[in-house]
Amino acid sequence: MKIFNTIDEMQQFSRQQRRDGKTIGVVPTMGYLHAGHLSLVETAKNHADLIVVTIFVNPTQFAPNEDLESYPRDFARDCQLCETHGVTAIFAPEPEEMYAADSTTWVKEEELSQGLCAKSRPEHFRGVTTVVAKLFNAVLPDIAVFGQKDAQQAAVICRMVRDLNFPVKIIISPLIREPDGLAMSSRNRYLSDHERQQALSISQSLTRAKHNLSAVSRPDSSENIVEDIRTTIEAAGGIIDYIEIIDNETLGAVSDKTAEILIAVAAFFGKTRLLDNILVKNN
Ligand code: AMP
């Protein structure tokens with residue numbers, strides 16, 4: 001497995017592979033890999049000859065009061081996991097390699113990047129779209145895999161790729177959970193044992209919400225379902241950031257055109273903000 005730290009080396013490798021007729025799949029991550037990330041690698045293998053995992057804790061998507069410094073990192077372990085999962089190369093640049101000190105250019109999606117997570121993280125998606133565009137320019141992939149775990153991010157990136165004509169096919173891979181239902185996340189390590197137990201209320205309330213949404217068709221059902229999620233999480237000690245029942249693609253109101261309904265939650269347990277969601281087919 002190769003490890004590249006500079007954009008130049010990464011591009012040279014990708015150009016050579018493309019000349020040799022190989023297709024390249026990229027899985028962008030911030031490292032501290034878990035089975036959720038590795039499921040994206042497996043998905044990518046079904047769509048491309050070679051897999052590049054990028055490991056970059058992107059400073060521009062963190063606000064000054066957030067966990068950029070303390071974000072968990074274990075590069076040696078990440079390399080081992082990638083190697084055992086048949087990854088061809090890791091692209092792991094330093095922040096100085098990715099951002100010129102006097103950089104002034106941003107990629108900004110202006111509709112789907114509002115609401116949900118953006119209410120508490122207003123500049124977050126500008127950082128995400130900018131870094132993903134830059135990672136695409138470094139890796140030169142044919143396809144890129146992102147997780148449904150970050151449902152808003154997935155929608156924003158699909159929109160960016162469509163609007164800016166990136167020659168990259170985006171594949172969204174399902175959300176992977178721990179055996180007890182907790183959505184896998186690098187940030188789960190911040191949770192105390194007690195908080196981790198309490199946090200199971202998120203996935204439990206979402207499973208019930210999916211069942212209830214499938215079972216009823218009354219116009220007021222969404223409100224009742226939101227209320228049930230809220231009470232369940234608050235009773236367990238969580239603080240709700242948002243609960244939304246929306247169209248998974250447009251992130252707007254559910255309509256006749258909605259293919260999949262997204263039930264999305266962000267909630268704090270202690271200082272840790274957790275994201276989770278579940279999809280329901282709209283038929
Ligand atoms: P991160 O390292 O948290 O930035 O995540 C990198 C990619 O992995 C993103 O596309 C995430 O949506 C995806 N991801 C993170 N956790 C999970 C999970 N539990 N299941 C599926 N994909 C995930």
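Start at His 37: one of its polar side-chain atoms sits 2.9 Å from an oxygen atom of the ligand. Keep in mind that this is a predicted model. Asp 150 makes a similar kind of approach, with a polar side-chain atom 2.6 Å from a ligand oxygen. With Gly 147 it's the backbone that does the job, placing a polar atom 2.9 Å from an oxygen atom of the ligand. Overall, the ligand taken alone would expose 490 Å², and the protein buries 92% of that.

Now zoom out to the whole shell. There are 17 residues around the ligand, and the ones that come nearest are His 37, Gly 147, Asp 150, Ile 176 and Met 184. Sorted by class, the shell has nine nonpolar residues, six polar ones and two charged ones. So much for chemistry; what about the elements behind it?

Which elements each supply at least two residues of this shell? They are β2 (24-29), α2 (35-45) and β5 (143-147). The largest share belongs to α2, which brings three residues.

From here, follow β5 away from the ligand. Strand β5 pairs with β6 (residues 169-173) in the parallel sense, over five bridges. If you want a spot to click on, Ile 143 stands opposite Lys 169 in β6. Between these two strands in the unit comes helix α7 (residues 151-163), and β5, α7 and β6 together make a right-handed β-α-β unit. That ties the two parts of the tour together: β5 supplies at least two residues of the ligand shell, and β5 also belongs to the β-α-β unit.

Technical notes. Residues numbered from 1 in each chain as written. Predicted model: local features only at pLDDT ≥ 70, side-chain atom pairs only at ≥ 80, totals over all residues. Heavy atoms only, no water. Near = heavy atom within 4 Å. Polar contact = N/O pair within 3.5 Å; in protein donor to acceptor, adjacent residues only side chain to side chain. Areas by Shrake-Rupley, 256 points an atom, 1.4 Å probe, with all protein chains shown as cover. Helix = DSSP H or I, 4+ residues; strand = E, 2+ residues; numbered from the N terminus. Nonpolar A, V, L, I, M, F, W, Y, C, P; charged D, E, K, R; others polar. Pairing = 2+ DSSP bridges. Right-handed = clockwise from strand over helix to strand, strands pointing away.
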